[in-house]
2 protein chains.
Amino acid sequence: MSVLPLPERASLPDGRVGELADLFRLLGDTTRLKIVLSCLSGPTSVNDIAGQIDASPSLVSHHLRLLRGARIVRSERRGRQIFYSPRDAHIECVIADMVSHVNEPTELDEEV
Amino acid sequence: MSVLPLPERASLPDGRVGELADLFRLLGDTTRLKIVLSCLSGPTSVNDIAGQIDASPSLVSHHLRLLRGARIVRSERRGRQIFYSPRDAHIECVIADMVSHVNEPTELDEEV
DNA sequence: CGTAGATTTCAATAGCTGTTCATATATAGG
DNA sequence: CCTATATATGAACAGCTATTGAAATCTACG
């Protein structure tokens with residue numbers, strides 16, 4: 001497969017489809033997505049995230065490691081706690097676009 | 001959790017986090033992502049998609065059903081074959097943004 | 001140093017899901 | 001009507017992964 005080009009912007013270097021899928025997959029889990037949403041408003045500590053989404057710090061930490069590995073979030077230590085925030089603008093943009101898609105009203109013709 | 005607001009654009013109606021995650025999850029599978037990428041260039045038949053990504057028509061059809069159910073792609077019959085294309089601009093936009101993220105050079109300080 | 005707070009790691013389990021193969025449905029043409 | 005092509009469906013299996021609870025680091029601070 002060497003399809004594309006994408007309608008605009010940068011094209012996909014062949015063989016990197018896996019990387020791209022990984023990113024989507026990470027955002028595709030409810031818990032992880034909530035974590036990312038939690039720190040959209042600014043740097044948030046692990047415990048605060050856990051509190052906001054009602055999950056154990058252990059679980060949150062697990063997911064944060066994956067998210068950080070994929071450069072979806074960045075970490076920053078302040079005193080004895082660690083604050084997480086979205087890695088870059090693209091992530092926020094991707095989420096905003098997808099929210100727009102969810103909010104898009106269903107056309108009358110097409111259905112399940 | 002009722003965090004947010006998202007930096008710009010529409011906000012997420014509470015309780016719809018699941019819907020949002022579903023969309024990302026669907027794009028998070030390599031095969032499915034390839035399918036979507038295949039029909040980015042225009043309406044493509046099931047068999048052509050299967051050929052482009054080297055997968056069985058059965059498998060492609062299975063995934064297309066999920067993608068259509070989530071309104072990620074639309075279908076259109078022409079003769080005896082069915083052509084698929086991305087459902088709306090948001091999808092293409094989301095993918096383009098994520099590609100930008102992949103292409104973003106790694107900062108020197110932060111690492112695995 | 002020793003305690004407490006904050007985060008991370010480890011191991012084990014349960015549930016989900018992508019894939020396959022066989023079968024079914026549908027459309028067009030002779 | 002019968003065949004071939006195109007797509008869809010169903011069931012079953014294997015592999016992955018989210019979750020949990022306990023234990024381990026690590027940092028700040030008295």
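**A sheet, a helix pair and a DNA strand**

Hi everyone, let's start small: A:Ser45 stands opposite A:Phe83 in β3(A). This is a predicted model, where local features need pLDDT of at least 70 and side-chain atom pairs count only at pLDDT 80 or more, while totals for chains, interfaces and linings use all residues. Residues are numbered from 1 along each chain as its sequence is written, and chains are lettered from A and ligands numbered from 1 in the order in which they are written.

Now the sheet. In chain A, 3 strands form an open sheet in the order β1-β3-β2, with antiparallel pairing. Strands pair if DSSP finds at least two bridges between them; strands (E, at least two residues) and helices (H or I, at least four) are DSSP runs, numbered from the N terminus. β1(A) and β3(A) (residues 81-86) pair over 2 bridges.

Next, the helices. How do the axes of α5(A) and α5(B) cross? They come within 9 Å and cross at roughly 170°, which makes α5(A) roughly antiparallel to α5(B). Axes are lines fitted to C-alpha atoms, for helices over the stretch in contact, and angles run from 0 to 180 degrees between N-to-C directions; over 145 degrees counts as roughly antiparallel.

Finally, the DNA. Strand D is surrounded by 22 residues, and the closest are A:Thr31, B:Ser45, B:Asn47, B:Ser61 and B:Gln81. Near means a C-beta atom, placed from the backbone, within 6 Å of the strand. α4(B) gives the most to this surface, with 6 residues. α4 (57-69) of chain A is also among the elements that give two or more. Thanks for listening!

Conventions: Parallel < 35°, antiparallel > 145°, perpendicular 65-115°, else oblique.
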